[in-house]
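Dear colleague,

Please find below the structure for your review. My notes on what was found in it follow directly after.

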Amino acid sequence: MQLKIKDSFNKELPSDSNMDNTRRQVFNAAHSYVTPKIPSSPKLIHASEDIATELGIDVEDLKSQKFLDLFSGSKVHNKTQPYAMAYAGHQFGNWAGQLGDGRAINLFEIVNNEKRWALQLKGAGETPYSRQGDGLAVLRSSIREYLCSEAMHHLGVPTTRALSLMLSGDEVLRDMLYDGNAAYEKGAIVCRVAPTFIRFGNFELFAARQDHKNLKLLADYTIKYFYPDIDKPSKERYIEFFKNVANRTLDMIIHWQRVGFVHGVMNTDNMSILGLTIDYGPYGWLEGFDFGWTPNTTDSQNKRYRFGNQPNIALWNLVQLANALYPLVEDVEPFEEILNKYKTNFEIKSLDMMRSKIGLHTKQKNDLNLIQGLEDCLLSSETDMTIFFRLLSDYKKGKVEKGVATIEKAFYKPEEIIGKILEQWKDWFESYDQRLSIEDLDDNERKKKMNLVNPKYVLRNYMAQIAIDDADNGDYKLIDELFNLLKKPYNEQPDYEKWFAKRPDWARHKVGCSMLSCSS
């Protein structure tokens, strides 16, 4: 197995001079060197051939002992120095100070086909940033991360990727619901892959400590490798950098809203500087369409990270990044202009996204009212978001009387679709039909276009939980089935039709299927 290793982050940015792997505050450094914990009996459960190819790894090598050793943390590749990143962050809106990679260890960087990839192990042991944690991960959370990161990629959502999922052979103690009932679970390790894992919090750490020298080094490094098109004088380049980050972050959020994805823990240390979805913990997809839903038990009271608030939280997080970058610019106005632009761009892009979901390709002044009317209908009785938008593509122009019947399989309680609710739906289909009459697409063309933006299959929490339960019993077939299903989420896939279904009743309140904790 030949790897084209070409490290940059730990070569060009300052390292922690203390080589002891002890929990501590780390100053004047972007990272600390640390060696992964050797697992007792590692076993490969699954590996992504797609991302292996991206990295220049031969598919046959995935079965090798060398691959197992390297990506379980059993052995360190020669001439490399694994490390944990130092960063800070705001958690649930409060300044948390130094955080850092508490259970992630970066192995090395690979450059293949002129693309740079950083590879890190999640669950490979403690680091100086582990605080009270053990740096390990359990099988259930690792399965969820492995499947979701690849599923999001195939949905067209900017995301980190995953190369491999392994059992460590060790038992890990976890209190899944933070209710005092800790239990031992199977330990696991995921190899995560991204161009870089730099977060908003990396910049916040240096800014909070007024370490402007290293703040500038980090910004220059990030621009050099990941925003190389920025070629402007000193202060202007940092403004342009921030503008690019804001635009990428907005694009990511629009995609989240499009597919009904809820991240669950949008702290600033979980925000990628590249606008990638990062750190899959208590995430979930909307079952019933609900702006107020959050999958995170820790967030169940205030619902800061609820579905409908994700665009606002991204903006709030961008304000924190702007504050961190301010010392490099010393001018508030350009940051404010970019942040204000985010607001207007969101309104424009969100409306365009919703137009595409309901099959509109021209722009009319009353489109916003039509979409708000639809949202009111969706909220009137529990309606499955994924199934509704997929079925809506089957609507035929001029068939208003069949509108509700077209989407009735999306209703969780079809017996509620009577009286005022039924009339509300009928009125909406009347307006929708009139609006479609302006479009020049025929029904088949509209259906094709709608089905390119409305997935048929997403990784519902109950699906992941069934795979987790099977894996706990040593059966990994469903992991492979879901992995392959989710590679083509917009295709019909008749063999997998059973997964195009509403959340079953047994999963409504089951642990792992509705609400999840940050340890999930």
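Helix 6 covers residues 212-226, which makes 15 residues. From its first C-alpha to its last, helix 6 reaches 21 Å, close to the 21 Å expected at 1.5 Å a residue. Please bear in mind that this is a predicted model.

Several residues of helix 6 are buried: Asn-214, Leu-215, Leu-218, the run from Ala-219 through Asp-220, Tyr-221 and Thr-222 to Ile-223, and finally Phe-226. The cover over these buried residues includes strand 6 (104-112) and strand 7 (115-122). Among the helices that contribute to this cover are helix 1 (9-12), helix 5 (200-208), helix 7 (234-259) and helix 8.

Helix 8 (310-329) also takes part in another feature, the second largest pocket, where it supplies at least two residues of the lining. The same can be said of helix 9 (332-357), helix 10 (367-380) and helix 11 (385-392), each of which supplies at least two lining residues. Helix 9 gives the largest share, with 6 residues. The space in this pocket is about 440 Å³, and 19 residues line it. Those nearest its centre are Phe-291, Phe-346, Ser-350, Met-354 and Glu-375. By class, the lining of the second largest pocket consists of 12 nonpolar, 5 polar and 2 charged residues.

One further residue of helix 9 deserves a note, namely Glu-336. Glu-336 has a relative accessible area of 44% and is therefore classed as partly exposed. Its C-alpha lies 41 Å from that of Asn-21, and the two residues are 315 residues apart along the chain.

Turning to the cysteines, how many disulfides does the model contain? The count comes to 0. A disulfide is a covalent bond between the sulfur atoms of two cysteines. For Cys-148, the closest cysteine sulfur is that of Cys-513, and because the separation is 15 Å, it is too far for a bond; the cut-off applied is 2.5 Å. Cys-191 is likewise in no disulfide, as the nearest cysteine sulfur, that of Cys-148, is 17 Å away. Is Cys-148 buried or exposed? Cys-148 has 0% relative accessibility and so counts as buried. Cys-191, at 0% relative accessibility, counts as buried too.

With kind regards

Definitions and conventions. Residues are numbered from 1 along each chain as its sequence is written. This is a predicted model: local features need pLDDT of at least 70, side-chain atom pairs count only at pLDDT 80 or more; totals for chains, interfaces and linings use all residues. Side-chain values use heavy atoms; hydrogens and water are left out. On a 1 Å grid over the protein atoms alone, a cavity is a set of points where a 1.4 Å probe fits but cannot get out, and a pocket is an open set with protein on both sides within 12 Å along at least five of seven lines; lining residues have an atom within 4 Å of a point. Grid points are joined across faces, edges and corners, and a volume is the space filled by probe spheres set on the points. Helices (H or I, at least four residues) and strands (E, at least two) are DSSP runs, numbered from the N terminus. Ala, Val, Leu, Ile, Met, Phe, Trp, Tyr, Cys and Pro count as nonpolar, Asp, Glu, Lys and Arg as charged, and the others, Gly among them, as polar. The expected span of a helix is 1.5 Å times one less than its number of residues. Buried means under 20% relative accessible area, exposed over 50%, partly exposed in between (1.4 Å probe, protein chains only). Contact means heavy atoms within 4.5 Å.
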